[in-house]
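Trainee: Could we go through this model together? I'd like to know what stands behind each label we put on it.

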Amino acid sequence: MVKSTNFSQQANQKIIRREEESADPPFEETYKKLFDEIRIGKATSKMRNYQNLFVVEECELPLIDLELLKGREFEREECKRKIAQASQEWGFLQVVNHGISQDVLLKMRKEQMKLFKKPFHEKMNDKQLNFSAGSYRWGTPSATCLQQLSWSEAFHVPLTDISNSIHHPTTLSSTMEQFATTVSELAHNLARILSERMGYKSKYFRETCLPHTCYVRMNRYPACPISPQVFGLMPHTDSDFLTILHQDEIGGLQLVRDGKWISVKPNPEALIINIGDLFQAWSNGVYKSVEHRVVTNKAKERFSTAFFLCPSYDTEIRSCFEPSVYKRFTFREFRQQVQEDVKKYGYKVGLPRFLVSTH
């Protein structure tokens, strides 16, 4: 009995030492039961079907040159038309000449990689990094099976954390400030274009999506030894108005198009834009919030940085014309419903919860 206790203590100490030394989150130790299902062959047939989900073709998203917004009137209008069309038909697009310098994007990636190379136990200490409590996230706490596990880690940082860090500036905080300021302006300009194409010239997004309600999320997807049996980020739609993503050359982002999963070909010059749930509701279903996911890579880690254009929790989301497809709801009500569904079912249900009843 003494030997067994000593062995258990040694094993725990080994895990603690590993967490202190390694940059990677302890996925296999934390989700040991889920991984054991594979090892003992319990999930073999299930996993064989699951792996088939990852056999998808690669495509290029609609590519739009934002330099045309500075051109003659017909060029500006054509550019806006293409932005709206891609948002309706794909829910995703990519833009070049977007106004965010390659220097800022490269510095952001460099600082992000340095941050994620810190030992796991240091990343768990948000205060040391001057980020709000809970900014560092990894895995999927609610996962009950491998399909619900996200093999990734992230810092989900409110813009106010970034702006407040100017009192104790670091290379990371000043780079994040540059990135957030320029990407936020791009997001607001795109939101304005999309609302104008719907016939609305309003300050709605400027008035509701403020620095203390928007976020920057830095993502790292470590190399995964059991890829592709685990997602880097499980299938979901974004709970915001707009997301702007800068990704590296590794690839792994996939989205649903015409009922099938397709893989997005990386473009180092472009930023990826996607419509969120709130814009779909506001546009009465005209602009599409499309399900997407990230698949893991067995040999290489992947990095990306996202900006989320979000309103305050008290903002009422309602369709911009009648008859409305969706009920009116506040962003707080939407978030609460998402959290309840994830806790109960292991995944997000999202907008279908807010459809107007036909009865």
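Trainee: Where is the place of Pro 323?
Mentor: Pro 323 sits in the loop between strand S14 (316–317) and strand S15 (329–330). A strand here is a DSSP run of E with at least two residues, a helix is a run of H or I with at least four, and both are numbered from the N terminus. Before we go on: this is a predicted model, so local features need pLDDT of at least 70 and side-chain atom pairs pLDDT 80 or more, while totals for chains, interfaces and linings use all residues. Residues are numbered from 1 along each chain as its sequence is written, and side-chain values use heavy atoms, with hydrogens and water left out.

Trainee: What makes the bond from Glu 322 to Pro 323 stand out?
Mentor: That peptide bond is cis, with omega near -5°. The bond from Ser 227 to Pro 228 is cis too, with omega near 10°, and Pro 228 lies in the loop between strand S6 (215–221) and strand S7 (231–236). Most peptide bonds are trans, and most residues other than glycine have a negative phi.

Trainee: Which sign does phi have at Asp 258, and what is phi at Asn 284?
Mentor: Asp 258 has a positive phi, near 55°, and is not a glycine. Asn 284 is not a glycine either, and its phi is also positive, about 60°. Asp 258 belongs to the loop between strands S9 (253–257) and S10 (260–264). Asn 284 is found between helix H11 (277–282) and strand S12 (292–295).

Trainee: Why is Asn 284 called buried or exposed, and what about Asp 258?
Mentor: Check the cut-offs: buried is under 20% relative accessible area, exposed is over 50%, and partly exposed is in between, with a 1.4 Å probe and protein chains only. Asn 284 has 9%, so buried is the word. Asp 258 has 68%, so that one is exposed.

Trainee: And Phe 354, buried or exposed?
Mentor: Its relative accessibility is 9%, so Phe 354 counts as buried. Phe 354 lies in the segment after helix H12 (331–345).

Trainee: What does Phe 354 touch?
Mentor: A contact means heavy atoms within 4.5 Å. Not counting residues up to four places away in sequence, Phe 354 touches Val 325, Tyr 326, Lys 327, Phe 329, Glu 333, Phe 334 and Gln 337. The C-alpha atoms of Phe 354 and Phe 329 are 7.8 Å apart, though 25 residues separate the two along the chain.

Trainee: How do you know that the buried residues of H5 line one face?
Mentor: Start with the list: Cys 79, Lys 80, Ile 83, Ala 84, Ala 86 and Ser 87. Seen down the axis of H5, they fall within an arc of 160° (taken from the directions from the helix axis to the C-beta atoms), so they line one face. An α-helix has 3.6 residues a turn, so residues three or four places apart point the same way. The buried residues of H5 pack against strands S2 (63–65), S3 (92–96) and S11 (271–275), along with H9.

Trainee: What span does H5 have against the expected one?
Mentor: Helix H5 (residues 73–89) has 17 residues and reaches 24 Å from first C-alpha to last, close to the 24 Å expected. The expected span is 1.5 Å times one less than the number of residues.

Trainee: What makes a group of residues a nonpolar core?
Mentor: The members are buried Ala, Val, Leu, Ile, Met, Phe, Trp, Tyr and Cys, joined through side-chain atoms within 4.5 Å. The largest such core has 91 residues, and Met 218, Phe 241 and Phe 279 have the most contacts inside it. Helix H9 (residues 171–197) gives the most to this core, eleven residues. Beyond four places in sequence, Phe 241 has contacts that include Tyr 204, Phe 205, Phe 279 and Trp 282.

Trainee: What makes an empty space a cavity and not a pocket?
Mentor: On a 1 Å grid over the protein atoms alone, a cavity is a set of points where a 1.4 Å probe fits but cannot get out; a pocket is an open set with protein on both sides within 12 Å along at least five of seven lines, and lining residues have an atom within 4 Å of a point. Points are joined across faces, edges and corners, and a volume is the space filled by probe spheres set on them. The structure holds one cavity of 30 Å³ or more, and the largest cavity has about 40 Å³. The largest pocket has about 1,400 Å³. Of its 46 lining residues, Arg 137, Arg 217, Leu 233, His 236 and Arg 335 lie nearest its centre, and H12 gives the most to the lining, with five residues.
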